[in-house]
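Here's a walk through one chain, going from its central pieces out to its ligand shell. Keep the viewer open as you read.

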Amino acid sequence: MSDKNSDKNEIIKEIIFESKSCEETESIAEEFAKKLKAGDFLAFFGDLGSGKTAFVRGIVSYICPKCRVSSPTFAIVNEYLGGKIPVFHFDMYRIYDDDSLFSTGFYDYFDREGIIAAEWCENIPFALPEKRYDIIFEKINENARKIRIIKRQQCTENI
Ligand SMILES: Nc1ncnc2c1ncn2[C@@H]1O[C@H](COP(=O)(O)OP(=O)(O)OP(=O)(O)O)[C@@H](O)[C@H]1O
Ligand SMILES: [Mg+2]
């Protein structure tokens, strides 16, 4: 079928930012966070040190100001609770297949009415929901980052 709505990669909207500092990345994220709601899935892509955790820090500073974000690389998932909406922050750096993903409890988080923010989604293409935001980081130089936010299928009202 060629029904537009059956296109799994349908792009609803794309916006591009250029950030010149870690603080600017956090404030772009803080602004973006105002549009988010429970059930949204944020898929982060980009190299080591490109700013993914900084962006999550900005989101959490709006959703749960008293929460402190740390990289979940070893824990795989950090939960930020007690704010407007729960935020579940995954790092898929060490996940390569569905068995290892399943054992983190990843799939159970879809029932928990929160925002899921997953770093290193390059490693889990098989597990990404069709309805999501892709947030893609590119290093331009030491302090500049290109950040593309792509809304796939209908997520929240507007980015
Ligand atoms: N414009 C920028 N935006 C974000 N971070 C920046 C920027 N410029 C420099 N940085 C620096 O880049 C690093 C980004 O680190 P961060 O932990 O957010 O990256 P990451 O993409 O989560 O890496 P990892 O893949 O290791 O989890 C920090 O040291 C930060 O200070
Ligand atoms: Mg990180």
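A residue is called buried if 20 or more other C-beta atoms lie within 10 Å of its own, partly exposed in between, and exposed if 12 or fewer do, with C-beta atoms placed from the backbone. Helices (H or I, at least four residues) and strands (E, at least two) are DSSP runs, numbered from the N terminus. This is a predicted model, in which local features need pLDDT of at least 70 and side-chain atom pairs count only at pLDDT 80 or more, while totals for chains, interfaces and linings use all residues. Residues are numbered from 1 along each chain as its sequence is written, and chains are lettered from A and ligands numbered from 1 in the order in which they are written.

**The overall picture**

The chain has three helices and seven strands, and in sequence order they run β-α-β-α-β-β-α-β-β-β. Its radius of gyration (taken over C-alpha atoms) is 15 Å, close to the 15 Å from the globule rule (2.2 Å times the number of residues to the power 0.38) for 159 residues, so the chain is as compact as a globular protein of that length. Along the principal axes, the C-alpha trace spans about 45 × 30 × 30 Å. Buried residues are 33% of the 159 in the chain. Two residues are in contact if their C-beta atoms, placed from the backbone, lie within 7 Å. Of the contacts with a separation of 6 or more, 67% join residues 24 or more positions apart.

**Helix α2**

Helix α2 covers residues 52-63, and its 12 residues should span 16 Å at 1.5 Å a residue; the end C-alpha atoms are 17 Å apart, which agrees. (The expected span is 1.5 Å times one less than the number of residues.) How much of α2 is covered? Mostly: 10 of its 12 residues are buried. They are K52, T53, A54, F55, V56, R57, G58, I59, V60 and I63. Those buried residues pack against α1 (22-33), β2 (41-45), β3 (77-80), β4 (87-91), β5 (115-119) and β6 (132-139).

**Strand β4 and its partners**

One of those packing partners, β4, has five of its five residues buried, so it is largely enclosed by the rest of the structure. In a regular strand the side chains alternate between the two faces of the sheet. Here both faces are covered, with V87, H89 and D91 buried on one side and F88 and F90 buried on the other.

Strands pair if DSSP finds at least two bridges between them. β4 pairs with β3 in the antiparallel sense over four bridges, and with β5 in the parallel sense over five bridges. F88 makes a handy landmark for finding both pairings. In β3–β4, E79 stands opposite F88; in β5, the bridge partner of F88 is I116. The β3–β4 hairpin has six residues between the strands, and G82 in that hairpin takes a positive phi near 95 degrees.

**Three buried residues**

S50 lies in the loop between β2 and α2, A33 in helix α1 and T53 in helix α2. Each one has a C-alpha separation worth looking up:

| Residue | C-alpha partner | Positions apart | C-alpha separation |
|---|---|---|---|
| S50 | C22 | 28 residues | 9.7 Å |
| A33 | F55 | 22 residues | 9.9 Å |
| T53 | S71 | 18 residues | 6.5 Å |

S50 counts as buried because it has 20 C-beta neighbours inside 10 Å. A33 has 23 such neighbours, so A33 counts as buried, and T53 counts as buried with 21.

What does each one touch, leaving aside neighbours within four places in sequence? S50 is in contact with F137, K139 and R145. A33 meets G58, I59, Y62 and I63. T53 touches V69, S71 and E119.

**Around ligand 1**

T53 turns up again at the ligand. Of the 19 residues around ligand 1 (C-beta atom, placed from the backbone, within 6 Å of it), T25, G51, K52, T53 and A54 come nearest. The elements giving two or more residues to this shell are α1 and α2. By class, the shell has four nonpolar, 10 polar and five charged residues. For that count, Ala, Val, Leu, Ile, Met, Phe, Trp, Tyr, Cys and Pro are nonpolar, Asp, Glu, Lys and Arg are charged, and the others, Gly among them, are polar.

Methods. The expected span of a helix is 1.5 Å times one less than its number of residues.
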